[in-house]
Amino acid sequence: MEKKKFGLFSIILLGMNAIIGSGIFLLPGDAFNIMGTSSLFVYIFITLLAGSMALCFAEVAGLFKSNGGAYIYAKEAFGNFAGFEVGFMKYIVQIIAWATMSVGFVTALSAIVPAVAEGPAKIVTILLVVLGLSVINIIGVDIAKYVNNIATIGKLVPLALFIIVGIFFIKGANFQPIIPDGITMGSFSEASILIFYAFTGFESISTASEDMDNPKRNLPIAIAISISCVSLVYFLVQFVSIGILGTGLNGTETPVVDAMASTILGNAGGIIVTVGTLVSIGGINVAASFLTPRGCLALAERGMLPPFILKKTGKGTPIVAIIITAALVIPIALSGSFTQLAAISVISRFTQYIPTCLSVIAFRKRGMKSTFRIPFGYTIPILATAVSVWLLFNSDAKKLIIGLGAMIIITPLYFVMKKYNEKHGYTFKDAE
């Protein structure tokens, strides 16, 4: 019996679900703090950049059957060392992302339980989130698949309610000035990196192209529609937030909740959005607790980490990978705020985005034919790469060092594992 594949509508929903996460609930205030009303233009800019990168992922995804995403693309395009760096950074990005989302959950929870915003209560809550979900995974209770649909509804309903209700409470004067004094290329770059966090996840749209009906036609259409829809939602959330709160948007850690509470729905509206936010971010944490240890497991399966990490329980759960992952996530989560970790998470992700964009050029020069080809020659991958480099060049030096410094730290590990594999007759896993 032929496997039923994703149609165009299903791919669009898959893409939207992959992108919409914690960022849009928590970042509008920080974006406004940096760029004021001009933050609206940054959303348009990031839409074009994320869309260009997603198209690059779509083209290279059509060349391989193997799972692995950016690791496979970098390895096949630029060799084992590049593949190792990108593959390992992919796991590190997953760790940082889960740490960011666990802090995001605490930040959202603070809207109704202020005590968890700081101090020992914050530490305990983060520990409960990370350790609790890790224990559940070790026991082998697969709850990720049960919460996915609930989390999807939990993230879309409050956003839709916020836009529909909030648009009637907009004050035009809150949008002045459109371009505040003090806006620089550095502030534009800072805001772009921060807002980019809300768009991360677009790279996963193209990873299941084999399960899609007519991916050559449907995938680029789905990417364009899903990113456009998400961008419209994000733009409207920022627009409504500014229109309701104005300068009051500065400094708030729960902007959507605060803006909703200022409408006719009052505290009840704020509570609805808070619950939706917690369901959404909680669901993302559940998914991260399941997927992040599998990233560690995948490295061991490819010969990039020692084989003892492959150890599983009787129920097939990767206990060593889960323990290692929790041990790495907790100190990162305790090290900074949601905004700081979100920026570092984005910077780290460019270690996947830039090589993938460049691999489009490398594979084309070899004459490799994908199921989907980006139009306009090399223009889109070159522009996406150039803009990415510009953003990194103008980003905060401390965040840049933290976000990309791991690439230098893991370099010796490549040679250690290469020697280990040669001694035991292993190799880095090839693509198909």
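Helix α9 runs as it should: at 1.5 Å a residue, its 15 residues ought to span 21 Å, and the end C-alpha atoms do sit 21 Å apart, so expectation and model agree. The model is a predicted one, and everything below is read from it. α9 is also largely enclosed by the rest of the structure, because 12 of its 15 residues are buried. The buried set starts with Ser187, Phe188 and Ser189, carries on through Ala191, Ser192, Ile193, Leu194, Ile195 and Phe196, and takes in Tyr197, Ala198 and Phe199 as well. Just after the helix comes Gly201, with a positive phi near 115°.

Ser189 makes a good spot to look at α9 up close. This serine belongs to the helix, which covers residues 185–199, and its relative accessibility is 0%, so Ser189 counts as buried. Setting aside residues up to four places away in sequence, Ser189 touches Trp390, Leu391, Asn394 and Ser395. With Leu391 there is a polar link too: the Ser189 side chain reaches the backbone oxygen of that leucine at 3.0 Å.

Upstream of α9, the loop that connects it to α8 (144–166) holds Pro177. The peptide bond leading from Gln176 into Pro177 is cis, with omega near -5°. That is worth flagging, since most peptide bonds are trans.

Next up is α13, residues 319–333. This helix also has 15 residues, and the distance from its first C-alpha to its last is 21 Å, close to the 21 Å expected at 1.5 Å a residue. Its buried residues are Val320, Ala321, Ile322, Thr325, Ala326, Val329, Ile330 and Ala333. Residues three or four places apart on an α-helix point the same way, because there are 3.6 residues to a turn. As for what covers the buried positions of α13, the helices involved include α6 (80–109), α7 (119–139), α12 (266–301) and α14 (338–365).

Two of those covering helices, α7 and α12, also pack against each other. Their axes are 10 Å apart and meet at an angle of about 65°, and the crossing is right-handed. On the α7 side the contact is made by Val129, Leu133 and Asn137, which meet Asn285, Val286, Ser289, Phe290 and Arg294 of α12. Sorted by type, the residues of this contact come out as 4 nonpolar, 3 polar and 1 charged.

Further along α12 sits Thr292. With a relative accessible area of 2%, Thr292 falls under the 20% cut-off and is therefore buried. Beyond its neighbours within four places in sequence, Thr292 is in contact with Tyr91, Gln94, Ile95, Trp98 and Thr325. Thr325 is itself one of the buried residues of α13.

A second serine, Ser348, lies in α14. Ser348 counts as buried because its relative accessibility is 0%. Its side chain reaches the backbone oxygen of Ile344 at 2.9 Å. Neighbours within four places aside, Ser348 is in contact with Met89, Val93, Ile96 and Gly403. Gln94 is 254 residues away from Ser348 along the chain, yet their C-alpha atoms are separated by 9.7 Å.

Past the end of α14, the loop running to α15 (379–393) contains Arg366. At 47% relative accessibility, Arg366 counts as partly exposed. Leaving out residues up to four places away in sequence, Arg366 touches Glu76, Ala77 and Phe78. The arginine side chain also reaches the backbone oxygen of Ala77, at 2.7 Å. By contrast, the C-alpha atoms of Arg366 and Phe41, 325 residues apart along the chain, are separated by 38 Å.

Phe376 is in this loop between α14 and α15 as well. Its relative accessible area is 64%, so Phe376 counts as exposed. Its backbone is unusual: phi of Phe376 is near 70°, a positive value in a residue other than glycine. For context, most residues other than glycine have a negative phi.

Notes:
Residues numbered from 1 in each chain as written. Predicted model: local features only at pLDDT ≥ 70, side-chain atom pairs only at ≥ 80, totals over all residues. Heavy atoms only, no water. Helix = DSSP H or I, 4+ residues; strand = E, 2+ residues; numbered from the N terminus. Expected span 1.5 Å × (residues − 1). Buried < 20%, exposed > 50% of the residue type's maximum accessible area, 1.4 Å probe, protein only. Contact = heavy atoms within 4.5 Å. Axes fitted to C-alpha atoms, helices over the stretch in contact; angles between N-to-C directions. Left-handed = near helix turned anticlockwise from the far one by under 90°. Nonpolar A, V, L, I, M, F, W, Y, C, P; charged D, E, K, R; others polar. Polar contact = N/O pair within 3.5 Å; in protein donor to acceptor, adjacent residues only side chain to side chain.
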